[in-house]
Amino acid sequence: MKKTILFFLLLIAYIGRAQTVSIDSLKESVDEHSMKFAGLDERLSGMESDLAKLTKIKFSGYLQAQYEMYNYQDNIGPGPSTTAVPIKNSFYIRRARIKLSYEPTTGAVFVIQPDYAFDKVTLRDAYVQLNDRWLQTFKLFMGQFNRTSYEVEFSSRSRELLERSRMSGILYPQERDLGAKIEADLQTKYEIPFKFQLAVFNGNYGVGSLTNDLRDVDNKKDVMLRGVYSFAFPSKGLGIDIGAHAYLGNTTVLQAGTFSDANNKDFTAKIGDSFQKRWFGGEMRVYYDFLGGMSLKGEYISGAISGEKGTTILPVANSNPSFNFNGIRDFTGFYATWVKNIGKSNQIAVRYDSWDPNRHLSGNEVTIKEDLKYDSWAFSWQYFYDDNVKIVAGYSLPINESSTKVGGNFTKDVLDNTFTIRIQAGF
Amino acid sequence: MKNTKLKVASFLLVIMTIGLSFTSLNKITVKGSDTMVILSQKWAEVYMQKNPGTTIQVTGGGSGVGIAALINGSTDIANSSRPMKASEVEKLKARYSTLGVEIPCAKDGLSVYLNKANGVSELTIKQIGLIFAGKITNWKEVGGVDAGIRLYGRESSSGTFGFFKDNVVKTDYAPSCQTLPGTAAIVNAVKKDKFAIGYGGAAYAEGVKDCKVKKDDKTPGVYPTAETIKNRTYPISRYLYMYLKSRPTGETKAFVDWILSPEGQKVIEGVGYFPVK
């Protein structure tokens with residue numbers, strides 16, 4: 001009996017000790033793991049803080065690679081094509097851009113967007129944007145950015161057609177300019193769907209040489225104003241944007257010579273003379289939720305444009321590559337684009353655009369090719385392969401005014417049609 | 001002959017490409033607001049039981065993520081706990097030539113969560129805003145004990161983050177506000193931390209206490225209850241939305257119509273939100 005009691009006492013003591021040991025080791029293990037977790041927590045907070053800084057930096061970009069087939073006069077397409085070696089087709093990198101934006105605090109954004117070509121890198125966008133934090137209505141931009149026009153601001157990565165209208169390319173060469181802009185958007189704070197833009201630019205970007213792009217070439221600044229009101233009728237699936245814009249600028253003569261005025265009369269201009277670049281435009285876009293979405297977009301601009309012919313003499317003239325002669329002209333231009341979405345992945349678009357650089361002359365009255373009117377058709381079919389990739393097939397068909405006085409190829413419509421297959425990848 | 005075959009093949013290819021773009025499988029994808037995930041999953045679950053041929057896939061990620069997915073075509077329906085921004089509508093216009101379709105599908109109140117041991121139980125909207133902006137940093141400034149306030153909030157892609165910022169904080173959140181992925185994580189953090197404060201959907205307040213919210217110093221504090229949210233006396237209440245790129249057709253239309261029907265709206269209260277009708 002005593003032996004049995006002794007055995008049980010020993011057993012209890014052993015279990016008790018074992019439990020003490022087990023609880024102690026458990027506590028030790030818990031403490032050890034708690035410390036490890038605290039350490040991990042600390043490291044995680046540090047990493048979170050670093051990551052939060054990185055999320056303020058955003059990269060986006062796109063690449064447009066394309067294959068083009070030309071139906072040019074004598075099959076001489078763009079680029080190095082000559083009569084001796086006519087080029088009927090080519091592969092071509094149209095765009096390779098990466099945009100970096102950094103928003104260190106809400107409402108302050110820095111943007112840089114270089115454009116990469118195989119032989120050079122050029123700066124497309126470089127600006128600071130400050131958003132007003134009090135009224136949440138105004139934005140101030142300063143640096144190099146898009147001019148305030150619908151077609152210009154509508155990025156080529158989103159555009160339905162392969163290229164902008166001829167009018168936009170001539171009035172806003174290279175799209176950008178150096179300056180400052182104030183934008184007011186009354187939607188956020190006041191729920192009034194009105195947007196207003198006022199911009200002041202050097203006014204000589206994309207004309208003349210690259211040197212001319214760096215700084216202003218005169219003391220006068222060009223002013224742009226644009227306002228757009230957006231009507232929405234959600235129950236009808238209808239939206240209408242109506243707007244107007246004005247460009248009030250000038251061209252300063254950097255090389256003396258003979259110029260032609262708006263009435264086609266020659267006169268002599270000296271260095272420092274200033275000619276108007278002044279135009280007014282109206283714009284309208286209708287969006288209609290019809291079988292998956294459809295829109296009709298149009299713009300009409302009329303006014304006076306002026307420019308200088310580019311030469312090799314210094315200083316480099318204010319020559320717009322698409323308005324490359326000594327003259328002042330009253331012009332009109334417009335475009336109308338029809339876009340239809342088919343399902344989630346397909347979209348077709350047709351555009352008719354017109355550019356008349358000299359509305360006082362037509363047909364055989366036109367004596368120089370720069371005064372010829374162009375009416376162009378453009379067609380495209382876009383297939384959205386996924387979130388990042390789209391394939392576009394497009395055809396452009398410019399039809400020029402013919403004039404026997406201009407002569408040469410321009411006695412009839414010049415062959416200058418292009419068929420393009422483009423693959424665009426963006427992120 | 002070879003040319004004819006090539007033309008026929010090209011023609012068929014075009015027809016097939018366009019035809020396939022119209023082919024709609026009975027699969028609906030829903031993406032967006034984390035606040036709406038539970039509600040949306042419940043809708044999908046009940047609807048799929050009644051319509052076994054339909055598959056509805058619901059994922060979260062935040063309102064901004066859902067709307068971005070709608071714009072890039074990777075979802076049919078975007079759930080959002082905030083109205084679509086003008087910039088997002090512009091993107092829809094550019095991509096689909098439409099303004100999008102907004103469907104308010106439920107009402108929600110945003111609770112301000114406090115730890116149950118916290119002596120403070122009532123705050124004005126202004127005080128809450130100042131707390132999350134980092135201007136009030138100690139509980140004693142709002143009638144509590146002398147202890148620092150720890151802030152928990154949502155990530156910037158969240159509609160709740162945006163709604164709370166626009167309507168309560170009205171400036172940037174304090175840098176010390178710790179962002180967490182989802183309202184459940186915020187509730188969990190506040191539950192464990194005596195001096196914490198967080199915000200999120202009223203449906204999630206389990207194990208924490210709701211703060212009574214006052215419009216200003218003179219008005220009484222109001223709890224986020226079914227009644228106060230429905231009659232809008234609770235100051236931080238909002239609509240929950242579904243967005244589509246264009247007017248729905250086929251199975252998507254049937255699903256949306258069902259959500260807005262008395263049967264679909266009945267599901268809402270079971271999940272802690274409130275019907276729109």
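Two residues are taken to be in contact if their C-beta atoms, placed from the backbone, lie within 7 Å. With that cut-off in hand, a good place to start in this predicted model is helix H4 of chain B, residues 86-96. Its buried residues are B:Glu88, B:Val89, B:Leu92, B:Lys93, B:Arg95 and B:Tyr96. An α-helix has 3.6 residues a turn, so residues three or four places apart point the same way. As for what sits over the buried residues of H4(B), the cover includes three strands of chain A, namely E9 (238-252), E12 (274-288) and E14 (327-342), along with helix H3 (63-72) of chain B itself. Just after H4(B) comes B:Ser97, with a positive phi near 60°.

Zooming out to the contact between the two chains, chain B puts in 19 residues and chain A 27. On the chain B side, H4 turns up again: this helix and helix H1 (2-22) each supply at least two of the residues that touch chain A. By class, that side of chain B splits into nine polar, six nonpolar and four charged residues.

Chain B also has an internal boundary to look at. Its domain 1 covers 2-107 + 240-271, and domain 2 covers 108-237. Taken over C-alpha atoms, the centres of these two domains of chain B are 32 Å apart. Where they meet, 15 residues of domain 1 are in contact with 15 of domain 2. On the domain 1 side, the elements giving two or more residues are H3 and strand E4 (101-114) of chain B, with H3(B) providing the largest share, three residues. That side of domain 1 of chain B holds eight polar, four nonpolar and three charged residues.

Terms used
Residues are numbered from 1 along each chain as its sequence is written. Chains are lettered from A and ligands numbered from 1 in the order in which they are written. This is a predicted model: local features need pLDDT of at least 70, side-chain atom pairs count only at pLDDT 80 or more; totals for chains, interfaces and linings use all residues. A residue is buried if 20 or more other C-beta atoms lie within 10 Å of its own, exposed if 12 or fewer, and partly exposed in between; C-beta atoms are placed from the backbone. Helices (H or I, at least four residues) and strands (E, at least two) are DSSP runs, numbered from the N terminus. Ala, Val, Leu, Ile, Met, Phe, Trp, Tyr, Cys and Pro count as nonpolar, Asp, Glu, Lys and Arg as charged, and the others, Gly among them, as polar. Domain bounds come from an automatic or database domain assignment.
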